[in-house]
Structure formats: C-alpha cells, structure tokens
Amino acid sequence: METDCTSGCWGRVRTELRSTIGADAFKNWIDPVVFDGVEQQTANFTVPTSFIGTWVETTYGDIIKDLFQQQGVKIDALRLVAARQPVPTPNGAGKPAEPVATKPAAGKMISTALDSRFTFDNFVVGPPNELAHAASRRVAEGGAVSFNPLFLYGGVGLGKTHLMHAIAHHLHQTKPESQVLYLSAEQFMHRFVQALRFKDTFSFKEQFRSVDMLLIDDVQFIADKNSTQDEFFHTFNALVDQGKQIVISADRSPGEIEGLEERIRSRLQCGLVVDLHPTDYELRLGILHSKAESQAEHYPGIKIDTKVMEFMAHRISNNIRVLEGALHRLLAHGSLIGREINLDVAQDVLSDILRQSERKVTIEEIQRKVADHYNLRMNDMLSARRARAVARPRQMAMYLSKRLTTKSLPDIGRKFGGRDHTTVMHAVKRIEELKKTDGQIAEDLELLRRMLEA
Ligand code: ADP
Ligand code: MG
C-alpha cells in the first residue's frame, strides 16, 4: 500500500466526499480546507480556523479516512492545523457564517440578520401551509393560548425559514424592545463551540437565556452532537420555564430525527408540532404571481405569459426555491432579449431545471422493485441476513439507490435498516465490479433501472 498521497489523490477523495456529504456541506466545510500531504499515515491539512478543523475532524473524519483507504492510502489520523492568520475569503460566499477567531464582546446581544423579503405579507397561503402560517402568526402576535415550543417541519424549500423570519420581523415591529434571536442550529452549535474555546460558557448561557424569543432553524443539524444537544436542552428548558417563546424548525418531525435524545424529543413534542405539506399547483401558481409582481420593478417591461406561469407551476413541483430560481432566470433572459417570454422560450431556457424536476425515484421504490424481482420480502432489504440470495440483491438495491437518487451514502445506509455508510460504499464497489464480470447481474441491473426510470 502506498504511503504518500499526491494532490491528485486528494482530488479524488474530494470528489467522492462531495457526493457523499452533499454540495452544501462540502462548500461550507471542505472547500476551506487545504491538503498538505500525508506523513506517517497522518493526513495533514491547513484550515482557516480551529473551529472548522474540529468540525471537519469530528463530523467527516471517518468518511475522509475511508475515502483515502479506497484510494489505496491508509490513514490513521487527520491533523488539521489552523492557519495563523485567518485565510482571507474574498466575498465570504459559502464560508461559515463569520470569522470565529474573535471573542464576542461580553454581554452583547448576538443575532443573525433577517432576510427583509421573508415577511408575512410576502407569504402566500394555501391549504398545504395554512396551519403552519396560522400558528406562526399566532406566535408572532402572542395570543392567549401559547404554543410553546412551536415546531415547524417539512421538506426543503417549503417556507420554514421564511415563516421564522416573518415571526421575528413581526415582533421587531410590534415590540421593538423585545429581544428576538434567530439562529440556525449550526450557528447555535458554532457559538457554543466558540464559547467552549474561550472558556466563556457562562456568558453564552446568559445571552441565550436573556432573550424573549428564540428561533432555531434546521434543528436536525444538532442531532448526534451530544454536548451541543445538552446545551440546547438546558437553554430550551430555562427559556420555557421563564415563559419565553421558542420556535424550532426541522426537515422532519421530532419523532423522525435520529440521534435526538429522548428527553429533547418529548419536550419538543409538548408544544405545537405542525408540518408544511408539499405545495399544490394553486399554491405554486400563487407564489409565482406574487414573486413576479415583487420583481417587476427590477425588470421593467418584461412580461411573462400566464401560460408560462401555469406551465412552470405544473412542472416544477418539488421545491419553491427552484421555482423562484426558474422565474429569475426567465426574467433575466427576458431583459436580455427584450421581448415577451412565451412557452417555447421558457421550455428552452429552463430545460435543465425541467429535466431535474422530472419524477424522482425513491429508495423505497428501488427496494420494492428489487425485492419483487428476486422474490424477496421488503423486509429482506432492511434485515441483517447475510445469505447470498438476500445480501446480493440488497447490495444491488444500494447500488441503484446511489446511482438513481441524489441521496448521500449515510442517508442510503439509514434507509437500509440503519447501516453504516461504509457498508453502502462497499456494496456500490462490489456491484460495480460484478457488473463487469457477471452477465446476469449486468442484465438484471439494466432491467431494474429501466423499470424504475419508466
Ligand atoms: P425552507 O426553510 O423550508 O427550506 P424557505 O423558507 O427558505 O424554505 O423557502 C424557500 C424559498 O421559497 C424562499 O425564497 C421563500 O421566500 C419561498 N417561499 C416558500 N414558501 C413560500 C410561500 N408560501 N409564499 C412565498 N414564498 C415562499
Ligand atoms: Mg430553511
């Protein structure tokens, strides 16, 4: 086994890492990391701050080691050394929210900027989100009945962050003296780690406990991070006991967040738990009209045909953020070519988005199809049985999940009875090899793929 690793090898590790952990996490945490080579089975890196170093090591260390191993380079340890000067970041884009090398001024209130567009006025209400909207409004207005905590959950791009900002804006306007703190769970964690570093957890606690309303977005990020969960729980209890309002969002319900401690889970379920359902056609159309209207001043004279709006609301159904992106692209295109955007133009300009929004295969569908094909039960896909007749199809299902969905290896592992990402990685490799040597397997895979994509 070779012991040194040129930058080419790190390049391959990076590529794999991006597909394993997802583009967003990659941009935030791995992009700032500089690879300095391997020495005595230790991979050396320079990182802009020690926070990023600690984060990368604890969160991605094992995956990185495995990926090096796959490149034939055995790594026992990672050494991530903080650059003495913070590495300048030209525009800050994609980097963790703020420089971490400075200690926050004692007692100063911490808060995150709110997006001025995310108000109740700009939120279009329809059956899929009316409950979440009503609950958010109630919390913002502070009615007699308290919903504490308010737990909002739902898929990506359905408006959770928008509603949380709207609550905070409303409170700022109606009660300017109140202390409102909005943070992503990642920022919460970041601040906590920072306080630990500066041995300043006391003022960290004080800052949080002195707020009137605490909003924490994307709380699924603190599952599995035990010390942060502990701190979160204490802060949470202290605030609820003082009658302060808490609003939390996550991409799934408290019951479905893995790695969340039981006491936190049950405490979260004590308040009001509401979900944002996937949007329907009318809601999407309403949102498109509202966004087009609010963009009108930036694109004077550009008109998008109603037919085009309807077409978009029909075809781009998964995520409002994508829908908005599509609208902006059309407007920008319209302002370049200077004429009305009709259906033909729209189809052309949006072809890649439309292709991506086509019906997506799910891991469950893959498991079911593969199980049917081999006369197995669905349960065999999830079980720990190692008999070849079960294990091989299961590996094929993992392989297809990796190829046909955008899920990460850890996500896929979880769907297969809580397996580790290394098991999935192994399965993908194994099937890749077998495809070349075993005609039957190659044929089965091809058939399954076609049925799934049909
Ligand atoms: P989430 O936090 O659930 O992933 P966001 O709140 O960031 O989603 O919403 C994604 C984008 O979609 C934002 O630009 C938001 O303004 C917009 N959006 C979502 N729901 C609505 C809605 N009901 N009305 C208007 N805009 C919406
Ligand atoms: Mg969000």
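Let's start with a pair of strands: β2 and strand β3 (residues 77-82) run parallel and are joined by 6 bridges. To get from one to the other, the chain leaves β2, passes through α3 and arrives at β3, a β-α-β crossover that is right-handed. Please keep in mind as you look around that this is a predicted model.

**The sheet of three strands**

Two of the bridges' residues help you find your way. Val47 stands opposite Ala82 in β3, and Ala43 has Leu78 of β3 as its bridge partner. On its other side, β2 meets strand β1 (residues 34-39); these two run antiparallel and share 5 bridges. Here Phe35 is matched with Phe45 in β2.

Together the 3 strands make an open sheet, ordered β1-β2-β3, with mixed pairing. β1 and β3 are at the edges with a single partner strand each, so one side of each has no neighbour in the sheet. From one strand to the next, the twist averages 20 degrees. Strand β2 (residues 42-47) is mostly covered, with 5 of its 6 residues buried.

**A turn and some unusual backbone spots**

β1 and β2 form a hairpin with 2 residues between them. What is the phi of Gln40 in that turn? The angle is positive, about 45 degrees, although Gln40 is not a glycine. Most residues other than glycine have a negative phi, and most peptide bonds are trans. Gln40 is also exposed, with a relative accessible area of 76%.

Asp218 is another residue with a positive phi that is not a glycine. You can find Asp218 in the loop between β6 (213-217) and α8 (226-241), and its relative accessibility of 22% makes it partly exposed. A glycine joins the list as well: Gly72, just after α3, has a positive phi. The table sets these residues side by side.

| Residue | Positive phi |
|---|---|
| Gln40 | about 45 degrees |
| Asp218 | about 55 degrees |
| Gly72 | about 80 degrees |

There is a cis peptide bond to look for too. It joins Asn148 and Pro149, with omega at about -5 degrees. Pro149 sits in the loop between α4 (130-141) and β4.

**The sheet of five strands**

That loop leads us to another open sheet, in which 5 strands follow the order β5-β6-β7-β4-β8 with parallel pairing. Its edge strands, β5 (180-184) and β8 (272-275), each pair on one side only. Neighbouring strands here are turned by 15 degrees against each other on average, direction ignored. Within this sheet, strand β4 (residues 150-153) pairs with strand β7 (residues 245-250) in the parallel sense over 4 bridges. Leu150 has Val247 in β7 as its bridge partner.

**Helices worth a look**

Now return to the helix of the crossover. Where does helix α3 (residues 50-70) bend? The bend is at Tyr60, and it amounts to about 70 degrees. Tyr60 is itself among the buried residues of α3, which also include Phe51, Trp55, Ile63, Leu67 and Phe68. An α-helix has 3.6 residues a turn, so residues three or four places apart point the same way.

Finally, visit helix α10 (residues 281-295) and helix α12 (residues 320-337). Their axes are 10 Å apart, and the two pack at an angle of about 45 degrees. α10 and α12 are therefore oblique to each other, and their crossing is right-handed.

Note on methods: Residues are numbered from 1 along each chain as its sequence is written. Chains are lettered from A and ligands numbered from 1 in the order in which they are written. This is a predicted model: local features need pLDDT of at least 70, side-chain atom pairs count only at pLDDT 80 or more; totals for chains, interfaces and linings use all residues. Side-chain values use heavy atoms; hydrogens and water are left out. The bend at a residue is the angle between axes fitted to the seven residues ending there and the seven starting there. Buried means under 20% relative accessible area, exposed over 50%, partly exposed in between (1.4 Å probe, protein chains only). Two strands pair if DSSP finds at least two bridges between them. A crossover is right-handed if, with the strands pointing away from the viewer, the path from the first strand over the helix to the second runs clockwise. Axes are lines fitted to C-alpha atoms, for helices over the stretch in contact, and angles run from 0 to 180 degrees between N-to-C directions. Angles under 35 degrees count as roughly parallel, over 145 as roughly antiparallel, 65 to 115 as roughly perpendicular and the rest as oblique. A crossing is left-handed if the near helix is turned anticlockwise from the far one by less than a right angle, and right-handed if clockwise.
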